[in-house]
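Reader: I am in my first year and would like a close look at a single part of this structure. Please choose one, and explain how it sits in the whole.

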Amino acid sequence: MFSVYKTHYKALYIKLVDLSRNIFFYKKTQLKDNFETRINLIFIHLSLILIIFKEKNKNNFPQDIFDNIFLNIEYHIRELGYGDVAVNKKMKTLLQIFYDILLKIRGSNGKKNSINISLIANYLEPQSDDKGQLINDLVNYFDEFYNFCFELDNNNMLKGKINFKYL
């Protein structure tokens, strides 16, 4: 169920959900297919989009779209059966995770335009013995996603017109 709050802003959220469901994450990199992993994938994709938007545009990211994304996440948590108090607590935790990702996603190894490997390892844990290689695969994916989105028009990103295909 999607929120009725400004439904014309839901395109980016739908695209973020679609990106988080990419079979690459669950077959190739062997991530757990659960709510937390998908939310972290949404947050990483959104963080990269916000960074690109800021780098390319002097204007701020539209607050309505940002609010709508988190409102939809809240509705999905409610659908999982959480009560009002638990939803508020969960949303507070998720917002802390989101801002941690947003602030630390770039520039971990001295290069400005690189993905923070330790952040990816912290929030996305492959279920395999070869975690190092799988984390590198995830970092390569997000580097490619960043480069792809950087070439897009900001308005197309806001409308969810991100036709990114990896491998």
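Author: Accessible areas here come from the Shrake-Rupley method with a 1.4 Å probe, and for a residue, only the protein chains shown count as cover. The model is predicted. By that method the protein chain has an accessible surface of about 9200 Å², and 50% of this belongs to carbon and sulfur atoms. Of the 167 residues in the chain, 45% are buried.

The part to look at is the second largest pocket, but the fold comes first. The protein chain holds 8 helices and 0 strands, so read from the N terminus its elements run α-α-α-α-α-α-α-α. Among contacts with a separation of 6 or more, 64% join residues 24 or more positions apart.

Now the pocket. Rolling a probe the size of a water molecule over the atoms shows where empty space is left. The second largest pocket has about 220 Å³ of space. Its lining consists of Tyr13, Val17, Ser20, Arg21, Phe35, Arg38, Ile39, Ile42, Ile73, His76, Glu79 and Leu80. By kind, the lining residues divide into 7 nonpolar, 2 polar and 3 charged. Three helices, α1 (10-20), α3 and α4 (63-79), each supply at least two of them. The most comes from α3, with 4 residues. It is worth taking these three helices in turn.

Helix α3 covers residues 35-56, and its 22 residues should span 32 Å at 1.5 Å a residue. The C-alpha atoms at its ends are 32 Å apart, which agrees with that expectation. Most of α3 is covered, since 16 of its 22 residues are buried, that is, under 20% relative accessible area.

Helix α1 comes before α3 in the chain. Its buried residues are Leu12, Tyr13, Lys15, Leu16, Val17, Leu19 and Ser20. Tyr13, Val17 and Ser20 also belong to the lining of the pocket. An α-helix has 3.6 residues a turn, so residues three or four places apart point the same way. What covers the buried residues of α1 includes α2, α3, α4, α7 and α8.

Leu16 lies in α1 too, and how buried or exposed is it? Its relative accessible area is 0%, and so it counts as buried. Leaving aside residues up to four places away in sequence, Leu16 touches Ile42, His45, Leu46, Ile49 and Ile69. One of these, Ile42, is itself a lining residue of the pocket. Leu16 also has a partner from far along the chain: Gly160 is 144 residues away in sequence, yet the two C-alpha atoms are 8.0 Å apart.

Helix α4 completes the trio. Its 17 residues should span 24 Å at 1.5 Å a residue, and the distance of 24 Å between its end C-alpha atoms agrees. Ile65, Phe66, Asn68, Ile69, Phe70, Leu71, Asn72, Ile73 and Ile77 are its buried residues. They pack against α1, α3, α5 (84-104) and α8. Ile73 is also in the pocket lining. Just after α4, Gly81 takes a positive phi of about 105°.

Between the helices there are also turns to consider. Most residues other than glycine have a negative phi, and most peptide bonds are trans. Gln30 has a phi near 55°, a positive value in a residue other than glycine. Gln30 lies in the loop between α2 (23-28) and α3. With a relative accessibility of 32%, Gln30 counts as partly exposed, because that value is not under 20% and not over 50%. Ile23, in helix α2, counts as exposed at 53% relative accessibility. From Ile23 to Asp33 there are 10 residues in sequence and 9.9 Å between the C-alpha atoms.

Two further places show what else lies beside α3. Ile97 is in helix α5 and touches Asn40, Phe43 and Tyr123, again without residues up to four places away in sequence. The C-alpha atoms of Ile97 and Tyr123 are 8.8 Å apart, although 26 residues separate them along the chain. Glu151 sits in the loop between α7 (131-150) and α8 (154-158). This residue is exposed, because its relative accessible area of 67% is over 50%. Its C-alpha atom is 9.4 Å from that of Ile52, with their positions 99 residues apart in sequence.

To return to the pocket: α1, α3 and α4 each supply at least two lining residues, and α3 gives the most.

Definitions and conventions. Residues numbered from 1 in each chain as written. Predicted model: local features only at pLDDT ≥ 70, side-chain atom pairs only at ≥ 80, totals over all residues. Heavy atoms only, no water. Expected span 1.5 Å × (residues − 1). Buried < 20%, exposed > 50% of the residue type's maximum accessible area, 1.4 Å probe, protein only. Contact = heavy atoms within 4.5 Å. 1 Å grid on protein atoms, 1.4 Å probe; cavity = no way out; pocket = protein on both sides within 12 Å on 5 of 7 lines; lining within 4 Å. Points joined across faces, edges and corners; volume = space filled by probe spheres on them. Nonpolar A, V, L, I, M, F, W, Y, C, P; charged D, E, K, R; others polar.
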